[in-house]
Each structure stands twice: as C-alpha cells, then as structure tokens.
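Hi,

Here is the structure I said I would pass on. Have a look at it first, and then read on for what turned up.

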Amino acid sequence: MSKFCYYAIDLTATGVLMSEEKKACDLCGLTVEVSGFTLKLKTGEQKSFCCEGCKGIFQMLREDEVLPE
Ligand SMILES: [Zn+2]
C-alpha cells in the first residue's frame with residue numbers, strides 16, 4: 001500500500017494560493033499589494049482596489065451598481 005501525505009497536499013494548496021497573480025486596482029490601475037479593499041457589484045463582479053481611498057471613490061461614483069456590505 002502506498003502512503004499518502006496529507007501535509008504535502010496542504011503545502012501544495014498553500015503554494016497555489018501564494019502564487020496567485022496580483023491584480024490591478026480597478027480605479028487607478030496600480031498593482032494591488034494588499035488584498036481586502038474589494039467591492040462586489042450587483043452583477044456578481046468583484047472589484048479590487050489598492051487602497052481604501054480608491055475603494056471609496058469607486059463606491060461613490062458607482063453607488064447604484066455596488067452591493068451594500
Ligand atoms: Zn488605486
């Protein structure tokens with residue numbers, strides 16, 4: 001019988017998450033270094049922003065398209 005290492009699987013899964021491609025800010029186009037500044041639209045689309053400021057401006061400009069949090 002061959003052994004299966006569950007820890008190895010976990011490490012692989014983490015590696016995949018870590019190598020996720022960086023997104024560009026949906027307002028100013030800068031690379032999003034910190035995740036967490038995101039908004040969901042009523043269309044189901046998810047927008048990412050580089051900072052709280054960009055998120056706030058986008059939310060203000062497209063108020064009726066953004067899902068309330
Ligand atoms: Zn930005």
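A quick definition before anything else: pLDDT is the predictor's confidence in each residue, on a scale from 0 to 100. You'll want that because this is a predicted model, not an experimental one. The mean pLDDT of the protein is 82, with 70% of its residues reaching 70 or more. That confidence is not spread evenly: helix α1 (residues 6-18) has the lowest, at a mean of 51, while helix α2 (residues 52-61) has the highest, at 97. Over residues 14-19 the pLDDT is below 50, and this stretch has 0 contacts in the model beyond near neighbours in sequence.

On to the layout. There are 2 helices and 2 strands, and from the N terminus on they come in the order α-β-β-α. Of the 69 residues, 13% are buried. If you take the contacts with a separation of 6 or more, 28% of them are between residues 24 or more positions apart.

Now the core. Which residues make up the largest nonpolar core? There are 7 of them: Leu 27, Phe 37, Leu 39, Phe 49, Cys 50, Cys 54 and Phe 58. That fits a general pattern, since nonpolar side chains in soluble globular proteins tend to be buried together. Phe 58 is worth clicking on: leaving out residues up to four places away in sequence, Phe 58 touches Asp 26, Leu 27, Leu 39, Lys 47 and Phe 49.

Helix α2 has two sides to look at. Its buried residues are Cys 54, Lys 55 and Phe 58. They sit on the same side of α2, because the arc they cover around the axis is only 100°. The helix geometry helps here: an α-helix has 3.6 residues a turn, so residues three or four places apart point the same way. On the other side of α2, Glu 52, Gly 53 and Met 60 are exposed. As for what covers the buried residues of α2, that includes β1 and β2.

A few positions in and around the strands:

- Lys 40 is in strand β1. It has 13 other C-beta atoms within 10 Å, so it is partly exposed. Beyond residues up to four places away in sequence, Lys 40 touches Gln 46 and Leu 67. The C-alpha atoms of Lys 40 and Pro 68 are separated by 8.2 Å, although the two are 28 residues apart along the chain.
- Ser 48 is in strand β2. Its 19 C-beta neighbours inside 10 Å make it partly exposed, because a residue needs 20 or more to be buried. Setting aside neighbours within four places in sequence, the contacts of Ser 48 include Lys 23, Cys 25 and Val 32. From Ser 48 to Val 32, 16 residues apart along the chain, the C-alpha separation is 7.3 Å.
- Thr 43 is in the loop between β1 (38-40) and β2 (46-48). With 8 other C-beta atoms within 10 Å, Thr 43 is exposed. Thr 43 and Val 66 are 23 residues apart in sequence and 8.7 Å apart in space, C-alpha to C-alpha.
- Val 34 is in the loop between α1 and β1. Val 34 counts as exposed, with 10 C-beta neighbours inside 10 Å. Val 34 and Cys 50 are 16 residues apart in sequence, and 6.7 Å apart in space from C-alpha to C-alpha.

Over to you!

Conventions:
Residues numbered from 1 in each chain as written. Predicted model: local features only at pLDDT ≥ 70, side-chain atom pairs only at ≥ 80, totals over all residues. Helix = DSSP H or I, 4+ residues; strand = E, 2+ residues; numbered from the N terminus. Buried ≥ 20, exposed ≤ 12 C-beta atoms within 10 Å, placed from the backbone. Contact = placed C-beta atoms within 7 Å. Core = buried A, V, L, I, M, F, W, Y, C linked by C-beta atoms within 7 Å. Arc of directions from axis to C-beta.
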